[in-house]
Amino acid sequence: MRVRAVFLALVSIANTLPAQTPASGPAQGIAAGMDAYLLRYFKADAPGAAVLVMKDGQVVLRKGYGLASIELSAPVKPDTVFHVGSVGKQFTAAAILKLAEQGKVDLKAPIGRYLPEAPKAWNSITVENLLTHTSGIENLWSDPAFRPHEREDLSPEQLLAFVKDKPLQSEPGTRHAYATVNYTLLAILVGRLSGKPYETFVADTFFKPLGMKHTTFDEDPKLVPGLASAYGPGPTPAPFMSHALGFGGGSFYSTTEDLALWTDALQGGKMLSPASLKAMTTAYRLKDGSDTHYGYGLRVHTLDGEPYLQSNGDIPGFHSEVVAMPRSHVFVAILHNGEDLPIGLDPIGKRLAAMAAGRPIQEPKAIPLPERALRALCGRYQSGGAVRTIGLENGRLFSQFPGDAPALLSPLSATECFFDENPDARLGFTLKDGQAIKVQRYDLDRAPGPSYTRVDTAPAP
């Protein structure tokens, strides 16, 4: 269903609106509820967020929270610029689809047709496998040898050198494994097949026609007017990571308003043909029929039974969440510049979208369990090379992976817990003779995660 045409006109004048546009009637109460909810997480003296929520083409909430610069005590404004990380993958996916419409690329063709330098091991990888993260190519960030190069401005060809000689992690089309390098390859294709540099083609095809004047490619060094500073835990200045490493998969700065312009145009059928848009927003299915919950550059979920299209971006000091519910005509964008939130942007965005749609999410309520029942869940659980420890300290369950901070859990029953930092994320336990033998993570309205088998008991705290 097309988003109402008025949506585009309203967003295009958003820069002339006051810092927060007051809603009227029932929407005023919804906006007040959203504001109170967001104030729980974004404090006035901490890294903040720009938030835009729209429903039926009307601005429900448009506000800045917290600080864009702690050093200067400069507040976040609704039009503050942030790095949006992997939200940019949908720009790359749309560029490939535009080229496919022009007959310049076949999504079902092997990538070797367009990248003759690709290794023979990649002969069965198609362009669609890159779009859906089902190529089997290893994620650069999982390679310890790559970590020392995080500060280097590596070219796309140098990025590929780290993965092209490594064996595929799985047969193409059989497993969804998110890896930005897939989109680096796609960006190379865009440049070669369009006859323009990747960033120029994206800007000329999408940004300029839509008037997305704050959305720019993240070349280093570059001055970006209105850009928020990036902060790590503490807060402290975020560690530097070369923006060149996200080429094609996380390469842009933007604002909530520009992202609203883009989402309206994309979902309203103004950027791509109906067939291309359907392909982009339909979850890819693996060879065994499994649903990946990922289309082309977009995560494809449901919320309360209706389509829920999500994209998110995460780099040091910048996090973004962009949501579209085309059937309910809901749009949400949250752009954040810190690392200390006790909850992720995913559940925040989901709650704002549900409020805007008039169907707020009911929060889970923890129940007390005796210590014996809590200890029955404790242990070390393994899935492949990953080990999850479930422990108990000061009467609270926690889940922890090696090198990560413990994540607190609250019980819903003797066999199910939710994460305090994300109440939509759950762990389900399988018991045998009163002791847990398996644990599996799942998220509401999302595909279940891998199942972990208990390998031994956790040491007593």
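Are Asp424 and Arg351 buried or exposed? In this predicted model, both residues turn out to be buried. They also pair up: Asp424 makes a salt bridge with Arg351, with 2.8 Å between the closest N and O atoms. The contact links distant parts of the chain, since Asp424 sits in strand S19 (residues 422–432) and Arg351 in helix H10 (residues 345–356), 73 residues apart. Nor does the pair stand alone, as salt bridges with shared partners join Lys350, Arg351, Glu363 and Asp424 into one network.

Salt bridges come to 24 in total. Another of them runs between Asp35 and Lys63, again with the closest N and O atoms 2.8 Å apart. Here Asp35 belongs to helix H2 (residues 26–39) and Lys63 to strand S2, so the bridge ties together parts that are 28 residues apart in sequence. Asp35 is buried, and Lys63 is too. Then there is Lys196, which bridges to Asp204 with the closest N and O atoms 3.1 Å apart. What about the cover around this pair? Lys196 has a relative accessible area of 35%, so it counts as partly exposed, and Asp204, at 27%, is partly exposed as well.

Some charges gather without such partners. Glu152, Asp153, Glu219 and Asp220 make up a patch of negative charge on the surface. Glu219 can be placed in the loop between strand S6 (216–217) and strand S7 (231–232). With a relative accessible area of 43%, Glu219 is partly exposed, because that value falls between the 20% and 50% cut-offs.

The backbone has a few quirks of its own, and they turn up in loops. Gly234 and Pro235 are joined by a cis peptide bond, with omega at about 0°. Pro235 lies in the loop between S7 and strand S8 (236–237).

Positive phi values come next. Asp56 is not a glycine, yet its phi is positive, at about 55°. This residue is found in the loop that connects strand S1 (49–55) to strand S2 (58–65), and its relative accessible area of 24% makes it partly exposed. His329, also a residue other than glycine, has a positive phi near 55°. His329 occupies the loop between strand S12 (318–325) and strand S13 (330–336). Its relative accessible area is 11%, so His329 counts as buried, the cut-off being under 20%.

How values were computed. Residues are numbered from 1 along each chain as its sequence is written. This is a predicted model: local features need pLDDT of at least 70, side-chain atom pairs count only at pLDDT 80 or more; totals for chains, interfaces and linings use all residues. Side-chain values use heavy atoms; hydrogens and water are left out. Patches are made of residues with over 30% relative accessible area and no salt bridge: like charges are joined within 9 Å, nonpolar side chains (Val, Leu, Ile, Met, Phe, Trp, Tyr) within 5 Å. Accessible areas come from the Shrake-Rupley method with a 1.4 Å probe; for residues, only the protein chains shown count as cover. A salt bridge is a side-chain nitrogen of Lys or Arg within 4 Å of a carboxyl oxygen of Asp or Glu. Lys and Arg count as positive and Asp and Glu as negative; His and the chain ends are not counted. The place of a charge is taken as NZ of Lys, CZ of Arg, CG of Asp or CD of Glu. Helices (H or I, at least four residues) and strands (E, at least two) are DSSP runs, numbered from the N terminus. Buried means under 20% relative accessible area, exposed over 50%, partly exposed in between (1.4 Å probe, protein chains only).
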